[in-house]
Amino acid sequence: LNWIAIVAPQYAIVNEVFGKKYAPVIISWIFVLHQVGGGLAAFGAGWMRDTMGTYTLAFMLSGAACFAASLLVLRIQVRPLAQPA
């Protein structure tokens, strides 16, 4: 459900901001970075659990990252694409 709810708006935003010519490459990089970030987050949370004996710091850092991302999203400005002559 999460995948379906996120992908369509993400594709629409990327198409609108970068145009249909560059959207497939940008979407691919978003997908790759999402997978790498997820892997690093899982590894980091496991390392914190092994080191500290608790997931508390991992959950706190995850919440802080989500809050920072929500602030960054507010800065998105959509500008119309230049029309080819």
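Start by selecting helix H2, residues 23-52, together with helix H3, residues 56-73: in this predicted model the two helices pack at an angle of about 145°, with their axes 8 Å apart. Now show the side chains where they meet. On the H2 side, pick Ala-45, Met-48 and Met-52; on the H3 side, pick Leu-57, Ala-58 and Leu-61. What classes of residue do you find here? The contact of H2 with H3 has 6 nonpolar residues, with no polar and no charged ones.

Stay with Ala-45 for a moment, and center the view on this residue of helix H2. Which residues does Ala-45 touch, once its neighbours within four places in sequence are set aside? Look for Tyr-55 and Ala-58, both in contact with Ala-45. Next, draw a distance from the C-alpha of Ala-45 to the C-alpha of Leu-57: the two are 8.3 Å apart in space and 12 residues apart in sequence.

Now move along to another selection: Val-25, Trp-29, Phe-31, Val-32, Leu-33, Val-36 and Leu-40. Turn on the surface, and you will see the nonpolar patch that these residues make, about 710 Å² in area. One of its members, Val-25, is found in helix H2, the helix that also holds Ala-45.

Finally, zoom out and color the whole chain by secondary structure. You should find 3 helices and 0 strands, following the pattern α-α-α along the sequence. How much of the chain is buried? Buried residues make up 9% of its 85 residues. With the surface shown for the full chain, you are looking at about 7,300 Å² of accessible area, 72% of which belongs to carbon and sulfur atoms.

Key:
Residues are numbered from 1 along each chain as its sequence is written. This is a predicted model: local features need pLDDT of at least 70, side-chain atom pairs count only at pLDDT 80 or more; totals for chains, interfaces and linings use all residues. Side-chain values use heavy atoms; hydrogens and water are left out. Axes are lines fitted to C-alpha atoms, for helices over the stretch in contact, and angles run from 0 to 180 degrees between N-to-C directions. Helices (H or I, at least four residues) and strands (E, at least two) are DSSP runs, numbered from the N terminus. Contact means heavy atoms within 4.5 Å. Ala, Val, Leu, Ile, Met, Phe, Trp, Tyr, Cys and Pro count as nonpolar, Asp, Glu, Lys and Arg as charged, and the others, Gly among them, as polar. Patches are made of residues with over 30% relative accessible area and no salt bridge: like charges are joined within 9 Å, nonpolar side chains (Val, Leu, Ile, Met, Phe, Trp, Tyr) within 5 Å. Accessible areas come from the Shrake-Rupley method with a 1.4 Å probe; for residues, only the protein chains shown count as cover. A salt bridge is a side-chain nitrogen of Lys or Arg within 4 Å of a carboxyl oxygen of Asp or Glu. Buried means under 20% relative accessible area, exposed over 50%, partly exposed in between (1.4 Å probe, protein chains only).
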